[in-house]
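I sat down with this one and a fresh notebook page. Here is what I looked up, in the order I went.

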Amino acid sequence: MSKDLKVSEESEKKKYCVIVNAVVVRSGKILLCQRSFEEKHVPGGWSPPGGKLEETGTVWNALQKTVQREAFEEAGVRVRDRMHLLINNTFNHAEDDLQVISLVFLCRYKSGRARPLEDTVAVKWVSAAELDHYPFTHQNVKNYVIKAFEYLKSRSYRLSLLL
């Protein structure tokens, strides 16, 4: 492999980041986490638990496993294995010029007591009517939580509970 090609491949690897979010549902409410005030990115903002896909090697269902890990690490809850890809989104992360691939999964609560853990200072189970009381990290994050509530009202979600 030529040196130029190797340098090009290494710089390409640094341009992309994959993040996942777990929109966890329990009794018609969705779990939100407040980011630590020491966080560099949107300190104190609210969002569903989530984070970056880390180096995994070969892992079957790596995205889903990351969703499960983040929900447990940030909020102490376990989610069911079966989840629904709610939204996929891409955007440029202004601070470090990364192209971010964002995948948002709708998850059903399985077990655990929601509590603030890694990188969070508060957690809340919220209803759709309460969303305006929380300063979200970004408007698009609030939008996908709204979309999750819309999906929960849909017939297709109710049918998926039967499968």
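**Ground rules.** I call a residue buried under 20% relative accessible area, exposed over 50% and partly exposed in between, with a 1.4 Å probe and protein chains only. The model is a predicted one, so I note that local features need pLDDT of at least 70 and side-chain atom pairs count only at pLDDT 80 or more, while totals for chains, interfaces and linings use all residues. I number residues from 1 along each chain as its sequence is written, and side-chain values use heavy atoms, with hydrogens and water left out.

**Entry 1: Thr 66.** Is Thr 66 buried or exposed? I find Thr 66 buried, because its relative accessibility is 1%. Thr 66 sits in helix 2 (residues 62-75); helices here are DSSP runs of H or I with at least four residues, strands are runs of E with at least two, and both are numbered from the N terminus. Setting aside residues up to four places away in sequence, I see Thr 66 touching Val 20, Lys 52 and Leu 53, where contact means heavy atoms within 4.5 Å.

**Entry 2: the rest of helix 2.** Thr 66 shares its burial with Ala 62, Val 67, Glu 70, Ala 71, Glu 74 and Ala 75 in helix 2. The cover over these buried residues includes strand 1, strand 2, strand 4 (50-52), strand 5, strand 7 and strand 8. I checked the length too: the 14 residues reach 20 Å from first to last C-alpha, close to the 20 Å expected at 1.5 Å a residue, the expected span being 1.5 Å times one less than the number of residues. Just after helix 2 comes Gly 76, with a positive phi near 75°.

**Entry 3: the whole chain.** I count 4 helices and 8 strands, and along the sequence they read α-β-β-β-β-α-β-β-β-β-α-α. The chain has 163 residues, of which 40% are buried. Of the contacts between residues at least 6 apart in sequence, 67% join residues at least 24 apart. The accessible surface is about 10,000 Å², with 51% belonging to carbon and sulfur atoms; I used Shrake-Rupley areas with a 1.4 Å probe, and for residues only the protein chains shown count as cover.

**Entry 4: strand 1 and its partners.** I count two strands as paired if DSSP finds at least two bridges between them. Strand 1 (residues 16-26) runs parallel to strand 7 (residues 98-111) over 10 bridges. Val 23 stands opposite Leu 106 in strand 7, and Val 25 has Arg 108 as its bridge partner there. With strand 4, strand 1 pairs antiparallel over 3 bridges; Val 20, which I met as a contact of Thr 66, faces Gly 51 in strand 4. Strand 2 is an antiparallel partner of strand 1 through 2 bridges, with Arg 26 opposite Lys 29. The hairpin of strand 1 and strand 2 has 2 residues between the strands, and Ser 27 takes a positive phi near 50°. Of the 11 residues of strand 1, 8 are buried, so the rest of the structure largely encloses this strand.

**Entry 5: the cores.** Which residues touch the most other members of the largest nonpolar core? They are Ile 30, Leu 32 and Val 145, in a core of 21 residues; such a core is a set of buried Ala, Val, Leu, Ile, Met, Phe, Trp, Tyr and Cys residues joined through side-chain atoms within 4.5 Å. Helix 3 gives the most to this core, with 7 residues. Apart from it lies another core, of 17 residues, among them Met 83, Leu 103, Phe 105 and Val 123.

**Entry 6: helix 3.** I find the end C-alpha atoms of helix 3 (residues 139-153) 22 Å apart, which agrees with the 21 Å that its 15 residues should span at 1.5 Å a residue. Its buried residues include Val 141, Lys 142, Tyr 144 and Val 145.

**Entry 7: cysteines.** I looked for disulfides, taken as pairs of cysteine sulfur atoms within 2.5 Å, and the structure holds 0. Cys 17 is buried, with a relative accessible area of 10%, and Cys 107 is buried too, at 1%.
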